[in-house]
Amino acid sequence: MLVLGIESTCDETACAVVCDGQTILSNVVSSQIDLHSEYGGVVPELACRRHIDLIIPVLNQALTDAKLTLQEIDLIAVAHGPGLIGALFIGLNTAKALALAHQKPFIGVNHVEAHLYAALMSQTEPVQFPCLGAVLSGGHTALVLIKELGVYELIGQTADDAVGEAYDKVARMLGLPYPGGPIIEKMALQGDPNRFSFKAGQIKCKPFDFSFSGLKTAVLYKIKELLLTSQDKQDVAAAFQQAAQEDIVKKTLAAANHFQVKSILFGGGVTNNQALRQKFREASTDYSFIWPSHGLSLDNAAMIAGLGYHCFLKRGKGDGMDLEPLTRIPFALTSQNP
Ligand code: KG4
Ligand code: ZN
C-alpha cells in the first residue's frame, strides 16, 4: 500500500511516500528555522503563512522523488494533531482536498504517536510488546507504555515545559538562536557540566512525571549573576544539559524497570542529541534502546505515512470529511478511535 503522508503541525512542512508502513520512497521536509530563528521560538502566524506557500511544492517534490503520481497513491495520512491550530488546518485541508479530488481514502494520525512509530521504521526485527515509549520533543515530553501498536497507557508527562522547549528557552537566555537543542549540545561539549549545580523538578507522588520550568528559572538566575563570557555560556549549557538528561535517563529507566519492559522506543527532536544517547548506553545494558534513524527524529511526514498505514489496516477505513484538527490529543484516545 502506497501512503502519502502530510505533516504541518508546527514549523516543518513535510510530505513523504511510504510503502506498507516501512519502506520510505520519499521524505521531503521544508524547515522554517530561518523564519523563526530571530524570535527564539515558533511564531504561529508566520508558520501558517509559510505552510500555505510550501505545502504544494513539497507535495510535488515528494511525489517526484518517489517517482509516483497522485493517482498511484492508495491512502493519504495526515497529522491532525496535536499542534498549532492554523498550521494543522493547512495539512488537514490539503489532505481532504486531495482525497476528494482523487477519490482516495484519508486518515488522521496523532503526531506524537507517530514520533514513537518513527523508531520502529528502521527495525528489521519485530519489537516485543509491551515496551516503553519516550517522547522527547519541542512540544511534548511523555513516557508511554505501549501495549501494542495503537494501544497506549500514559505513565508520565511534563507538568510544565517540554524538554525541547527548555533547551530552546535556555538558548534564548544565552542569546542563541532557535532551535536551541543542537546549539546547546554543541556548546556543552566545550563546557564544564559540574561548575553549576542545576536540578530538574520532581513531582510529588508521580515518579515518572517531569518538570523543567524550575530548572529553566535556575539557569536564568545563574545567567544574571555572570558576566556571560563564552566559557560561562559553555558551562551553563553543559550543566543545564546534564541536569535535564540525568533526569530523563533516571525516570525512563525507573519506568522501564517498574513496567518490566525489555525495549525502549525514543521519538522527537531531542533524541537527536548524541550525549543523551550516550548517557542511556552508559546507564544500562538491560534494555534495547530503539532510536529513530537519521531524518526521522525531527518532524517529518514519513512517520505520519508509516503510522497511517497501520491505523488504516486496524480500523479498516479512513476518516470522514468532518475530521477536525486537534490542538491536544490525549494518548488514550489515539488510534483506538472507532
Ligand atoms: O520533534 P520536533 O521536531 O518538534 C516537535 O514535535 O516539538 O522537536 C523539535 C525540538 C526543538 O525544541 C529542538 O530544540 C529540539 O527538538 N532538538 C534538540 C536537538 N535537536 C533538536 N534538543 C537537544 N539536542 C539536539 N541535538
Ligand atoms: Zn514533533
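## Close-up views of a predicted model

**View 1. Two cis peptide bonds that precede proline residues.** Pro179 belongs to the loop that runs between α5 and α6, and in this predicted model the peptide bond leading from Tyr178 into Pro179 is cis, with an omega near -5 degrees. A second cis peptide bond joins Phe129 to Pro130, where omega is near 0 degrees. Pro130 is part of the loop between α4 and β6, the latter covering residues 131–136. Phe129, the residue on the other side of that bond, also appears among the residues that line the largest cavity.

**View 2. The zinc site and its protein donors.** The zinc ion (ligand 2) is held by the NE2 atoms of His111 and His115 together with an OD atom of Asp299, and these protein donors lie 2.0 to 2.1 Å from the ion. The site has four donor atoms, and the angles among them, which run from 96 to 133 degrees, make it tetrahedral. That assignment follows because four donors are classed as tetrahedral when all angles lie between 85 and 135 degrees. Along the chain the donor residues follow the spacing H-x3-H-x183-D. His111 is located in helix α4 (residues 111–120), whereas Asp299 is in the loop between β12 (288–290) and α10 (302–315), so this pair ties together parts that are 188 residues apart in sequence. Both His111 and Asp299 are buried.

**View 3. The largest cavity and its lining.** The structure contains one cavity of 30 Å³ or more, and the largest cavity encloses about 40 Å³ of space. Its lining is formed by Glu113, Leu116, Tyr117, Leu120, Phe129, Ile146, Leu149, Tyr152 and Leu265. Helix α4 makes the greatest contribution to this lining, supplying four residues. Sorted by class, the residues around the largest cavity comprise eight that are nonpolar, none that are polar and one that is charged.

**View 4. Leu307 in helix α10 and its contacts.** Leu307 is part of helix α10 and has a relative accessible area of 1%, so that it counts as buried. When neighbours within four places in sequence are set aside, Leu307 is in contact with Val109, Asn110, Glu113, Ala114 and Tyr117. Of these partners, Glu113 and Tyr117 are also listed in the lining of the largest cavity. Leu120, another residue of that lining, has its C-alpha atom 9.9 Å from the C-alpha atom of Leu307, although the two residues are 187 positions apart in sequence.

**View 5. The largest pocket.** The largest pocket has a volume of about 1400 Å³. It is lined by 49 residues, among which Ser137, Gly138, Gly139, His140 and Ala162 lie nearest to its centre. At least two lining residues come from each of α4, β7 (141–148), β8 (151–157), α5 (163–173) and α6 (180–188), and helix α5 provides the most, with six residues. By class, the lining of this pocket divides into 19 nonpolar, 19 polar and eleven charged residues.

**View 6. Ala14 in strand β2.** Ala14 is situated in strand β2, which covers residues 12–19, and because its relative accessibility is 0% it counts as buried. Leaving out residues up to four places away in sequence, Ala14 touches Gly5, Ile6, Glu7, Val28, Val29, Val58, Asn300 and Ala301. The C-alpha atom of Ala14 is separated by 9.1 Å from that of Gly91, a residue 77 places away along the chain.

**View 7. Two loop residues other than glycine with positive phi.** Asp20 has a phi near 50 degrees, a positive value in a residue that is not glycine, and Asp20 is placed in the loop between β2 and β3, where β3 covers residues 23–31. With a relative accessible area of 37%, Asp20 is classed as partly exposed. Lys67 likewise has a positive phi, near 55 degrees, and is also a residue other than glycine. Lys67 lies in the loop that connects α2 (44–66) with β4 (75–81), and its relative accessibility of 72% is why Lys67 counts as exposed.

How values were computed
Residues are numbered from 1 along each chain as its sequence is written. Chains are lettered from A and ligands numbered from 1 in the order in which they are written. This is a predicted model: local features need pLDDT of at least 70, side-chain atom pairs count only at pLDDT 80 or more; totals for chains, interfaces and linings use all residues. Side-chain values use heavy atoms; hydrogens and water are left out. Donors are N, O and S atoms within 2.8 Å of the metal (3.2 Å for Na, K and Ca); water is not among the atoms, so sites may look incomplete. Four donors count as tetrahedral if all angles lie between 85 and 135 degrees; four count as square planar and six as octahedral if opposite donors are over 155 degrees apart and all others between 65 and 115; anything else is irregular. Buried means under 20% relative accessible area, exposed over 50%, partly exposed in between (1.4 Å probe, protein chains only). On a 1 Å grid over the protein atoms alone, a cavity is a set of points where a 1.4 Å probe fits but cannot get out, and a pocket is an open set with protein on both sides within 12 Å along at least five of seven lines; lining residues have an atom within 4 Å of a point. Grid points are joined across faces, edges and corners, and a volume is the space filled by probe spheres set on the points. Ala, Val, Leu, Ile, Met, Phe, Trp, Tyr, Cys and Pro count as nonpolar, Asp, Glu, Lys and Arg as charged, and the others, Gly among them, as polar. Contact means heavy atoms within 4.5 Å.
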